[in-house]
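I am opening a fresh notebook page for a structure that may be new to you too. Come along while I look things up.

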Amino acid sequence: MFADLHLHTYFSDGTYSPEELAGHARHQGLSAVALTDHDTVEGCERMGVACQQNGLEFIPGCEFTAELLGQEVHILGYWLDTQSVLLQSRLSGFQAVRTNRIRDMVHRLNQRGIPITADSVLELANCHSPGRPHIARALVQGGYCKDFDEAFEKYLKKGRPAWVPKTKMEAAVAIQLIHGVGGVAVLAHPGLYHADKLIPDAVAAGLDGIECWHSRHNAETSAHYQRMTAGFGLVATGGSDCHGMNKGEPLIGRVKLPYAQVELLRQRRPKAATVS
Ligand code: AMP
Ligand code: FE
Ligand code: FE
Ligand code: ZN
């Protein structure tokens with residue numbers, strides 16, 4: 001039995017609906033999946049129903065944008081109480097930050113002679129957690145870039161002309177929030193940060209696991225993080241980080257996490273949620 005603990009839908013920057021995603025998960029022979037859209041849990045209700053219909057175990061999750069000593073990191077939360085008022089209010093704050101950032105980034109594009117509008121990007125995003133991939137889509141659709149890669153390379157990635165930083169919560173705060181609403185906290189794709197020396201800080205803040213297997217980790221990177229995870233006494237997890245067609249091809253099925261890891265992670269769930 002296998003799981004994929006890192007998946008996106010069109011409730012953030014993926015292209016699949018929850019129903020499509022659950023269908024693909026079954027097709028890939030998975031037994032359990034987690035939905036981890038960026039800074040939102042809005043897709044979880046539909047994904048739960050769709051997973052039930054496809055005979056899959058569903059773990060409600062979220063990929064929180066956070067920072068560790070100034071460096072952006074993503075923290076995955078699993079088994080979250082998605083009805084929690086505290087969780088929803090914290091997430092809506094970060095969604096507002098995302099929407100304002102789209103406006104700032106589009107303004108920068110306008111200053112460089114690209115006449116797209118923020119409203120058209122937000123309309124195309126059609127979700128509460130818009131991000132740079134939606135701007136990339138508008139740039140490609142408008143004929144200003146040939147593909148996503150060009151949009152990120154020319155304009156959107158850190159340090160490029162349209163890039164704007166976003167306000168994030170401290171990783172320790174995200175971990176505390178996740179635990180407070182009944183969840184467990186996992187550091188997403190550490191191989192993409194080059195910030196290994198910061199990881200002990202997240203461990204000290206209560207991190208439960210590290211995403212060792214990821215579509216953009218090679219075998220050596222996975223092995224490195226498995227050793228690190230074992231050294232800290234944490235749970236090694238994994239997921240494809242499938243965004244539907246947004247990464248050129250659907251990545252679901254690229255990472256098949258042995259189900260035993262899901263059981264180990266489940267054992268780290270707090271006994272009771274401390275906030276509502
Ligand atoms: P944001 O959340 O607005 O900062 O956008 C980050 C998201 O953009 C990531 O979660 C990825 O899905 C996507 N992304 C980052 N770099 C690239 C790239 N070079 N090509 C395509 N998508 C990317
Ligand atoms: Fe994304
Ligand atoms: Fe991420
Ligand atoms: Zn992701």
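**Entry 1: a term to start with.** I call a residue buried under 20% relative accessible area, exposed over 50%, and partly exposed in between. I also remind myself that this is a predicted model.

**Entry 2: a first pair.** I tried the term on E153, which is partly exposed because its relative accessibility is 40%. Its salt-bridge partner is K157, and the closest N and O atoms of the two are 3.2 Å apart. K157 also counts as partly exposed, at 31%. While on salt bridges, I noted a network too: E57, E263 and R266 are joined by bridges that share partners.

**Entry 3: another pair.** Next I looked up E150 and found its side chain in a salt bridge with that of K146, at 3.6 Å from N to O. Is K146 buried or exposed? K146 is exposed, since its relative accessibility is 65%. E150 has a relative accessible area of 22%, so I wrote it down as partly exposed.

**Entry 4: a pair from distant parts of the chain.** I then turned to K166 and E72, whose side chains form a salt bridge of 3.7 Å, N to O. This one links distant parts of the chain, with the two positions 94 residues apart in the numbering. K166 lies in the loop between helix 6 (148–156) and strand 5 (169–170), while E72 belongs to strand 4 (residues 71–78). K166 is buried because its relative accessible area is 11%, whereas E72, at 25%, falls in the partly exposed class. For the tally, I put down a count of 13 salt bridges.

**Entry 5: two domains.** How is the protein chain divided? I found domain 1 made up of 2–90 + 167–275, and domain 2 covering 91–156. Taken over C-alpha atoms, their centres are 25 Å apart. Where they meet, 22 residues of domain 1 are in contact with 15 residues of domain 2. The area buried between the two domains is about 1400 Å², and carbon and sulfur atoms give 48% of that. On the domain 1 side, D39, R90 and N246 lose the most area to domain 2, together 35% of what that side buries.

**Entry 6: a bridge between the domains.** How many salt bridges are counted between domain 1 and domain 2? I have one in my notes. I also looked up D39 and R98, whose side chains meet in a salt bridge at 2.9 Å, N to O.

**Entry 7: the zinc ion.** My last stop was ligand 4, a zinc ion. Which residues coordinate it? The donors are H6 (NE2), H8 (NE2), E63 (OE) and D241 (OD), at 2.1 to 2.2 Å. Along the chain, I read their spacing as H-x1-H-x54-E-x177-D. Both histidines turned out to be buried: H6 has 0% relative accessibility and so counts as buried, and H8, also at 0%, is buried as well.

**Entry 8: the angles.** Why is the arrangement around the zinc ion (ligand 4) called irregular? For four donors to count as tetrahedral, all angles must lie between 85 and 135 degrees. The four donor atoms here subtend angles of 79 to 167°, which makes the arrangement irregular.

**Entry 9: a metal neighbour.** Before closing the page, I checked the zinc ion (ligand 4) against the iron ion (ligand 2), and the separation is 4.7 Å.

Methods. Residues numbered from 1 in each chain as written. Chains lettered and ligands numbered in written order. Predicted model: local features only at pLDDT ≥ 70, side-chain atom pairs only at ≥ 80, totals over all residues. Heavy atoms only, no water. Donors = N, O, S within 2.8 Å, 3.2 Å for Na, K, Ca; no water. Tetrahedral: all angles 85-135°; square planar, octahedral: opposite > 155°, others 65-115°. Buried < 20%, exposed > 50% of the residue type's maximum accessible area, 1.4 Å probe, protein only. Salt bridge = Lys/Arg side-chain N within 4 Å of Asp/Glu carboxyl O. Helix = DSSP H or I, 4+ residues; strand = E, 2+ residues; numbered from the N terminus. Domains from an automatic or database assignment. Contact = heavy atoms within 4.5 Å. Buried area = accessible area lost by both parts, 1.4 Å probe.
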